[in-house]
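Okay, thanks for making time this morning. I'd like to walk you through one model, so let me put it up on the screen.

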Amino acid sequence: MQNRYACAPEHVATMRTSELRERFLVEDLFVSGEARFTYSHYDRVIMAGIVPGDAPLTLPTPEELHTEHLLDRREAGIVNIGQEAEVTVDSVTYTVPREGLLYVGRGAREIVFSAPGRFYLYSAPAHTAYPTKLVGPDEGNVLDLGEQETSNKRKLRQLLYNGDVKTCQIMMGVTRLEAGSMWNTMPAHTHDRRMESYLYFDVADDARVIHLMGEPSETRHLVVANEQGVISPSWSIHSGVGTRAYAFIWAMAGENQAFDDMDAAPVTGLR
Ligand SMILES: O=C(O)C(=O)C[C@H](O)C(=O)CO
Ligand SMILES: [Zn+2]
């Protein structure tokens, strides 16, 4: 498991490209036949890519957690960015469609993933056990955001959003840009009560997303390729512009489950 310690904003402002990437970009998450984990000390979240190969893949427990199972003291949201596939949680099998989400509550012991799924897992500490539940890609709350004039027309699906599926901390969903639209989350915002991470996907091989991060008055950028993740501290904006349309999974953990309690970072104030 990769370990990423938290950094103060003053430190981030001094970083070169390579250090910014080492600290905040999560590369090589998706490898056939493997489950790969990154642990962030921002709100102690885990981001993982799970790609079952020829045989079903039983989720391992990174030894650094010192627990018997990954979710002994955690919950997880799992989105399938591959084709429809099965996930079995303690002998109950769920068929997870592409862009569907499986919420797995604290205490689940054995989680088995099957091909042809390609799974992104986001996990956070949990104080209690809520029921495991499947959320279809068209369930949850759908927001149509942006305008063609500002190149940011996009559909935001809130799959875990303090709605029908109870979670301790996690809020999670999928945002997809319309063809010809490039900007996500602009105007930008922060939410000092929660960290957020992004997993960019459906980014064309010859395209990249320029992800903006940092304090609004001291921005930096990361150049992000397909199926790479970004760790966004609570004090950082998290916005991106693609060289083509793309999609991303956003996920948050921390305090408050109010999606709209954002602190606006107006375009004209960015530096
Ligand atoms: O397109 C967007 O705007 C987003 O997807 C924004 C994220 O959901 C977010 O930052 C929520 O706090
Ligand atoms: Zn946000």
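First thing to keep in mind: this is a predicted model. Let's start with strand E15, residues 171–177, which is mostly covered, with 5 of its 7 residues buried. What does E15 pair with? On the one hand there's strand E14, residues 154–160, joined to E15 by 6 bridges and running antiparallel to it. If you want a spot to click on, Leu156 stands opposite Thr175 in E15. Then there's strand E23, residues 247–254, also antiparallel to E15 and also joined to it by 6 bridges. There you can pick Met172, whose bridge partner in E23 is Ala251.

Hang on to Leu156 and Thr175, because they come back with the ligand: both are among the residues that surround ligand 1. The rest of that shell is Leu145, Arg154, Asn184, Thr185, His191, Glu196, His238, Trp250 and Met262. By class, you get 4 nonpolar, 5 polar and 2 charged residues around ligand 1.

Now, the annotation. An unreviewed UniProt entry marks His189, His191, Glu196 and His238 as "binding site". Those four are spread over 50 residues of sequence, yet they cluster in space, with a largest C-alpha distance of 11.3 Å. Of the annotated residues, His191, Glu196 and His238 also turn up in the shell around ligand 1.

Let's zoom in on two of them. His191 is in the loop between strand E17 (188–190) and strand E18 (194–201). Is His191 buried or exposed? It's buried, because 21 other C-beta atoms lie within 10 Å, and the cut-off is 20 or more. Leaving out residues up to four places away in sequence, His191 touches Ser234, Asp261, Met262 and Asp263.

His238 is in a loop too, the one between strand E21 (228–232) and strand E22 (239–242). His238 counts as buried as well, with 25 C-beta neighbours inside 10 Å. With the same sequence filter, its contacts are Thr185, Glu196, Tyr198, Met213, Val230 and Ser232. So Glu196, another of the annotated residues, is one of the residues that His238 touches.

Last stop, a sheet elsewhere on the screen. Here 7 strands form an open sheet with mixed pairing, in the order E1-E3-E4-E11-E6-E9-E12. At the edges sit strand E1 (2–4) and strand E12 (133–135), each pairing on one side only. From one strand to the next, the twist averages 20°. Within that sheet, strand E4 (residues 45–51) and strand E11 (residues 119–125) run antiparallel, joined by 5 bridges, and Met47 stands opposite Tyr122 in E11.

That's my tour, thanks.

How values were computed: Residues numbered from 1 in each chain as written. Chains lettered and ligands numbered in written order. Predicted model: local features only at pLDDT ≥ 70, side-chain atom pairs only at ≥ 80, totals over all residues. UniProt positions renumbered as here; feature names shortened; annotations may be inferred. Helix = DSSP H or I, 4+ residues; strand = E, 2+ residues; numbered from the N terminus. Buried ≥ 20, exposed ≤ 12 C-beta atoms within 10 Å, placed from the backbone. Contact = placed C-beta atoms within 7 Å. Pairing = 2+ DSSP bridges. Near = placed C-beta within 6 Å. Nonpolar A, V, L, I, M, F, W, Y, C, P; charged D, E, K, R; others polar. Axes fitted to C-alpha atoms, helices over the stretch in contact; angles between N-to-C directions.
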